[in-house]
Amino acid sequence: MDRKSLLTFIAVYSLLAVATFFFGSSDQTSSSTVSEQTTSYILKGKSVAIAAAAVREVDGVVTDELGIIDSVVASLTATQLEALERNASVLSVFPNALVDTVSYTRSGDIYVDFPRVLGADELHAQGITGAGVTVAVVDSGLNTPKSIENDINGNPRLLATYNAVADRMGGGRDKYGHGTHMTSIILDSDKAEDDTTLYNSMAPNAQGVVVKSFRNNGDGSYATVIRGLDWILGNKDTYGIRVVNLSFSAPAQSHYWDDPINQAVMRLWQAGVVVVASAGNKGPEAMTIGVPGNNPYVITVGAMSDNYTPTDASDDYLASFSSAGPTVEGFVKPDLVAPGGHVTAQTSGNSILAGEHPEFHELNKYFTMSGTSQAAAVVTGTVALMLEAQPWLTPDQVKCKLMASARPAVDGNGELAYSIFQQGAGVVNAGAAVAEGTVDCANRGLDIDLDLSGQRHYGGPANMDDDGNYYVMGMDGYLWTNGYLWTNGYLWTNAYLWTNGYLWTNAYLWTDGSVDANGYLWTDGYLWTNGYLWTNNYLWTNGYLWTNTLTEPTTVNVWVEQE
C-alpha cells in the first residue's frame, strides 16, 4: 500500500472509530432505527383535546384532528401504541387504513341512458331536476367542464371545493378521474346527443360541493376521508348540503360501531344528511360488504346492468362484482341496486384513468366505467330529485321510500332471481320513489343517538343455519344456499310482494350479555359457526349465539354475546 492510500485508510478508520464511540455500532444504529419506525393510527377520546393529550404524554406526534368523531390521527411507535392502549382516556385505537375507490373500467358504447332506466327522465319532464338541493361528493376531486360547473340554465352551481388531503379550501382538481365521473353521473347538465329532451345525469339542476379526500393516484386513507366528512358536518348549513355521495370502500376491520368512518357517517345521518355508500366490488360471495356500506343506517347500493338494452328490463342482470351481505352483525345489505354496469359519464382525457384505459374514452370527454361507485352516484342523484320534490324528508324517510318503491328481480315463477343479500329491495325506481307514500319502513329499531354514545348497538335479522346457509329470520322459506345463477334473463318487476313486508329492515339490540326485559329473543339458536376473521387481527371468536324467548313481536329484539 502506498503512503497516500495508507493515510486515507487511517483517516477513514479513525472517523469510523469516533462515530462508533459516540453513536454506537452500525448494528446498534440499525436496531434503533427499526424500533423507532412509526405507523399512523386514529385514537378516540371523550374529546379531541383528551385524545391529543394522551398522545403527547407518550411523545407521539398528532398529525390531524378529527372533531366529527372526537379523535386525532397520530404517528406512533410500537412502544407508544402499547402505552396508549393501556391509557383509560383513550377509548379506541384504529389503524389509519387505506380506502379505495370502487370502479372497474369496462368497454361499452357511448350513451348515457341510466336516467331513462330509472325513470328519472320522466321526473325531468315534470320539472323535477334537483333544483335547490346541494349534493356533496367525497372523492378524488373534480375537473370542471361547463356542464358540471353550470346548471341547466348556464348558472354557476358549484358552491365550494374543499381539499381534505391538503386541509384547505380550493385545490380540488381531479387528476385521477374517478371523482369527476361520479359528479357527472349526479350533476351533468349536458343533454343526450340523440335526444335533446334527455339529460345526461340524474339531477342536472342540483348544486354541488366537492370534497377531495383521495390523492391524485386515487388513494385515500381513513384520515383524509374523515377530515372531509368533518368539513361537511361543519359546513352543511352554510351550503345547504342534504346528501353525500361516498363511492369508495374499505375492508371491515371491526364491528360497524367501532369503525371511525362509520362513526363519522353516523354523525352526518344524525344531523339530517342522507348518506349514500357503495356496497363494494368484492362480490359475488356473501359477507363482502365494505366500509361504510356495512353501516346499518346509510343507503348501501349494489350494481346491476341493463345489458345495453335500457328500454327492455327483461334482460337486466345483477353485476357479478357487486358485493353481497349479510354484514357480520346480521344486517341485510345492500339495501338497493342501481345501474353500475358500463356507465358513461364525463372524465377528462388527461386523467390517469383515461390514460390507462384510452379504449374506454371517447371525444376527450366521456368515459365508460362499471362499479358500485357508479351505482351509488345514480342513487345520490335520485335522492336529490326526491328532496327537491319533498324537502322535508328525513334521511330515514328517504331510505324507506327508495326501498318501498324498488323492484326486486324475480324469475319466471315469481321467485327471487337473486338473493336478498345480493339485491336488497331491488333496483331503484326514481319516479316511484318520489311518489311512494310509505316513509316508516327503514331503520326501525335503531336509535342513532344511543348507538353513537355507546349505550346500545344493533344487529340485523340475518342468520346462518347449521349447514352454513344464510337466511332471514321470520321470512319463511327464504334461504340463500349458494347464491343464484348469474344469468341474463330476469325481469325487474313491480309485481313481487315481500313476505311479511320489509321484515329485514328491523334492528335488534346488541347488549353484550345483558338481556333487555322488554326485548324478544331469537326462537332459533344458531351460531356463526365459521367465525369471522378481521383483516387487522380482530377475531370474531365463535360467533354470537341467538337465544330463545319471546315476548311481544312488535318490540325490539336483543342480540346477546356468547359467554
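Let's start with the sheet. In this predicted model, four strands form an open sheet in the order β2-β3-β1-β4, and their pairing is antiparallel. The edges are taken by β2, residues 61-66, and β4, residues 92-95. Each of those has a single partner strand, so one side of each is left without a neighbour in the sheet. On average, and ignoring direction, neighbouring strands here are turned by 30 degrees against each other.

Now one pair in detail. β2 and β3, the latter being residues 71-76, are joined by 5 bridges in the antiparallel sense. Within that region, Asp64 stands opposite Val73 of β3.

Next, the helices on the sheet. Helix α4, residues 78-85, lies across β1 (39-44), β3 and β4. Its direction runs at about 145 degrees to β3. Helix α9 also packs on the sheet, where it touches β1, β2, β3 and β4. The direction of α9 makes about 40 degrees with that of β2.

That brings me to the helix pair. How do the axes of α9 and α10 cross? α9 covers residues 222-239 and α10 covers residues 260-270; their axes come within 10 Å and cross at roughly 10 degrees. Angles under 35 degrees count as roughly parallel, so α9 is roughly parallel to α10.

Which residues make the contact? From α9 there are Tyr222, Val225, Ile226, Leu229, Ile232 and Leu233. From α10 there are Pro260, Ile261, Ala264, Val265, Arg267 and Leu268. Sorted by class, this contact has 11 nonpolar residues, no polar ones and 1 charged residue.

Definitions and conventions
Residues are numbered from 1 along each chain as its sequence is written. This is a predicted model: local features need pLDDT of at least 70, side-chain atom pairs count only at pLDDT 80 or more; totals for chains, interfaces and linings use all residues. Side-chain values use heavy atoms; hydrogens and water are left out. Axes are lines fitted to C-alpha atoms, for helices over the stretch in contact, and angles run from 0 to 180 degrees between N-to-C directions. Helices (H or I, at least four residues) and strands (E, at least two) are DSSP runs, numbered from the N terminus. Angles under 35 degrees count as roughly parallel, over 145 as roughly antiparallel, 65 to 115 as roughly perpendicular and the rest as oblique. Contact means heavy atoms within 4.5 Å. Ala, Val, Leu, Ile, Met, Phe, Trp, Tyr, Cys and Pro count as nonpolar, Asp, Glu, Lys and Arg as charged, and the others, Gly among them, as polar. Two strands pair if DSSP finds at least two bridges between them.
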